[in-house]
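Got your viewer open and a hand on the mouse? Let's take a walk through this protein, one selection at a time.

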Amino acid sequence: MHDFLYRDGELWCEGVPLKKIAQEVGTPTYVYSHHTLLRHFQVFDGSFRDVPHLTCFAVKANSNLAILNLFARAGGGVDIVSGGELFRALKAGIEPEKIVYSGVGKTDAEIEYALEVGILMFNIESTQELNRINDIAGRLKKKARIAFRVNPDVDPETHPYISTGLKENKFGVEVEQSLNLYRQARDLANIEIKGISCHIGSQVTKLSPFVDALERLKLLEKRLRAEGICVNYLDLGGGLGIQYRDETPPHPNEYAQALIDAVREMEVTLIFEPGRVIVGNAGILLTRVLYTKEGPIKNFIIVDAGMNDLMRPTLYKSYHEILPVMREVRSEKTVDVVGPICESGDFLAKDRSLSVFFPGELMAVMSAGAYGFSMSSNYNSRPRAAEVLVSGDKYYIIRKRETYEDLIRGEIIPPCEKLKEVT
Ligand code: LLP
């Protein structure tokens, strides 16, 4: 459920008509519902209320400060994968001791930054990374709290680009290999072993891959305990899917129940890194029709949002429902909804049966709150979209639309006399 609903044939977000936002802020604009965001966070987090746990929102899904701040105030932590995400999280008021740091390629500077601020733990993905973190922690006279991200080799049955827990993926270390890593880590002076982590993939719509992964983590925990290595945290990553079209993902309560049952006898704190399930259906991309065009075999609706604004359709062939902001009874047409970018891959929907649209009309690209703005770019020198947060009958611009000046910020033309002449 979300808070984008029709009232008298017009689409609103909570108590604000989307038309008003388009008129006042322009398009394309990402619009998020504060109520949906908070409710999704609370439902997810609340599902685990009976066990010690920490919900660490995956910043990559939506990294706007206002949204991170909302989760901070709701008691949440975050999962980060870069120094930039750490910077954002701290600016948004996330407590360092609620931050977990994932990712296969942490740089020295990023590791230093995370150690200086005192994050909860690093999810380490290789021997070299372990040694690097130990060295840097030694230099800074700190102890690094760590987990190893193991690759449980379960098939999340999702799109191959977003499946991460298989043997062939670059992520994590094999369970067997991880045993050696834990033994190594135990002997390192500047490392404190805190947990075991995994993340199997994204947009997972079944429970069994999560339960299988947890079973493998439990076995590992038992083997580690037998060797005197005890962990306080089991980090199960993110990945719970949402409904874009006709998927039937488990409700967070069902997800929680399945996992809680499996860990009841253990003395660990569970960590989750949900992204999509919290923000995906809490945001839309509001765009305006520029032109319609009939080709010899296809009809096109050309809108002012492109693949630079929402990359998911072209990258993953993903489906986003498209709704007219003003709903009228009209005939339907099969169309491609495309953007202004000079690439054939620039589409938001393909071969979609939609009610007829005319130039100037508004459409809402639904379920765009996760991996929408955060994956957007300036390709074709397009200023990135504005972001708006609606709360009740008020809305707030939480990111201004970029300007042309923003586009060239940091660019420098070297003095031409310094450049070598072409002979
Ligand atoms: N934790 C880790 C270590 C991750 O790599 C991810 C996502 C998450 C948590 C959050 O997963 P979620 O709960 O959102 O499924 N751009 C793709 C999704 C890539 C996901 C990458 N990792 C998309 O638009 O579908």
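Each stop below tells you what to select and what you will find there. Keep in mind that this is a predicted model.

**Stop 1: the two domains**

Start by colouring residues 4-31 and 280-407 in one shade; together they are domain 1. Give another shade to residues 34-277, which form domain 2. The C-alpha centres of these two domains sit 32 Å apart. How many residues of domain 1 are in contact with domain 2? The count is 22, and they touch 22 residues on the domain 2 side.

**Stop 2: a pair of helices**

Now select residues 83-91, helix H4, and residues 108-117, helix H5. Two packed helices are described by the angle between their axes and the distance between the axes. Here the angle is about 25°, and the axes are 9 Å apart. Angles under 35 degrees count as roughly parallel, so H4 and H5 are described as roughly parallel to each other.

Show side chains next. On H4, the contact is made by Gly83, Leu86, Phe87 and Leu90. On H5, look for Glu110, Tyr113, Ala114 and Val117. Sorted by class, this contact of H4 with H5 holds six nonpolar residues, one polar and one charged.

**Stop 3: the cysteines**

How many disulfides does a search of the whole structure find? Zero. A disulfide is a covalent bond between the sulfur atoms of two cysteines. Select cysteine 56 and cysteine 198 to see one case: the sulfur of cysteine 198 is the closest cysteine sulfur to that of cysteine 56, but it is 14 Å away, too far for a bond. The cut-off for a disulfide is 2.5 Å between the sulfurs.

While you are here, is cysteine 56 buried or exposed? It is buried, because its relative accessible area is 0% and anything under 20% counts as buried. Cysteine 13 also has 0% relative accessibility and counts as buried.

**Stop 4: a cis peptide bond**

Zoom to threonine 27 and proline 28. A cis peptide bond joins them, with omega at about -5°. Proline 28 belongs to the loop between helix H1 (18-25) and strand S4 (29-33).

Step along to tyrosine 30, which has its place in strand S4. Tyrosine 30 is buried, with 0% relative accessible area. Which residues surround it? Leaving aside neighbours within four places in sequence, the contacts of tyrosine 30 include Ile284, Leu285, Asp309, Phe373 and Val388. Select valine 365 as well: it is 335 residues from tyrosine 30 in sequence, yet their C-alpha atoms are 9.4 Å apart in space.

**Stop 5: positive phi angles**

Here are two residues to check for backbone angles. Lysine 141 is not a glycine, but its phi is positive, about 55°. Look for lysine 141 in the loop between helix H6 (127-139) and strand S9 (144-151). With 76% relative accessibility, lysine 141 counts as exposed.

Then jump to tyrosine 371, where phi is near 55°, again a positive value in a residue other than glycine. Tyrosine 371 lies in the loop between strand S19 (362-365) and strand S20 (386-391). Is tyrosine 371 buried or exposed? Buried, with a relative accessible area of 14%.

**Stop 6: two serines**

Select serine 63, in the loop between strand S5 (53-58) and helix H3 (65-73). At 16% relative accessibility, serine 63 counts as buried. Beyond its neighbours within four places in sequence, serine 63 is in contact with Leu68, Arg88 and Ser374.

Next comes serine 331, in the loop between strand S16 (322-324) and strand S17 (332-338). Serine 331 counts as exposed, at 51% relative accessibility. Not counting residues up to four places away, serine 331 touches Leu354, Ser355 and Val356. Try a distance label to serine 197: the two C-alpha atoms are separated by 51 Å.

**Stop 7: one last loop**

Finish at glutamine 243, in the loop between strand S12 (233-235) and helix H9 (252-263). At 44% relative accessibility, glutamine 243 counts as partly exposed. Residues up to four places away aside, glutamine 243 touches Pro249, Asn281 and Ser367. For a final distance, pick phenylalanine 300: it is 57 residues from glutamine 243 in sequence and 26 Å away in space, C-alpha to C-alpha.

Terms used: Residues are numbered from 1 along each chain as its sequence is written. This is a predicted model: local features need pLDDT of at least 70, side-chain atom pairs count only at pLDDT 80 or more; totals for chains, interfaces and linings use all residues. Side-chain values use heavy atoms; hydrogens and water are left out. Buried means under 20% relative accessible area, exposed over 50%, partly exposed in between (1.4 Å probe, protein chains only). Axes are lines fitted to C-alpha atoms, for helices over the stretch in contact, and angles run from 0 to 180 degrees between N-to-C directions. Helices (H or I, at least four residues) and strands (E, at least two) are DSSP runs, numbered from the N terminus. Angles under 35 degrees count as roughly parallel, over 145 as roughly antiparallel, 65 to 115 as roughly perpendicular and the rest as oblique. Contact means heavy atoms within 4.5 Å. Ala, Val, Leu, Ile, Met, Phe, Trp, Tyr, Cys and Pro count as nonpolar, Asp, Glu, Lys and Arg as charged, and the others, Gly among them, as polar. Domain bounds come from an automatic or database domain assignment.
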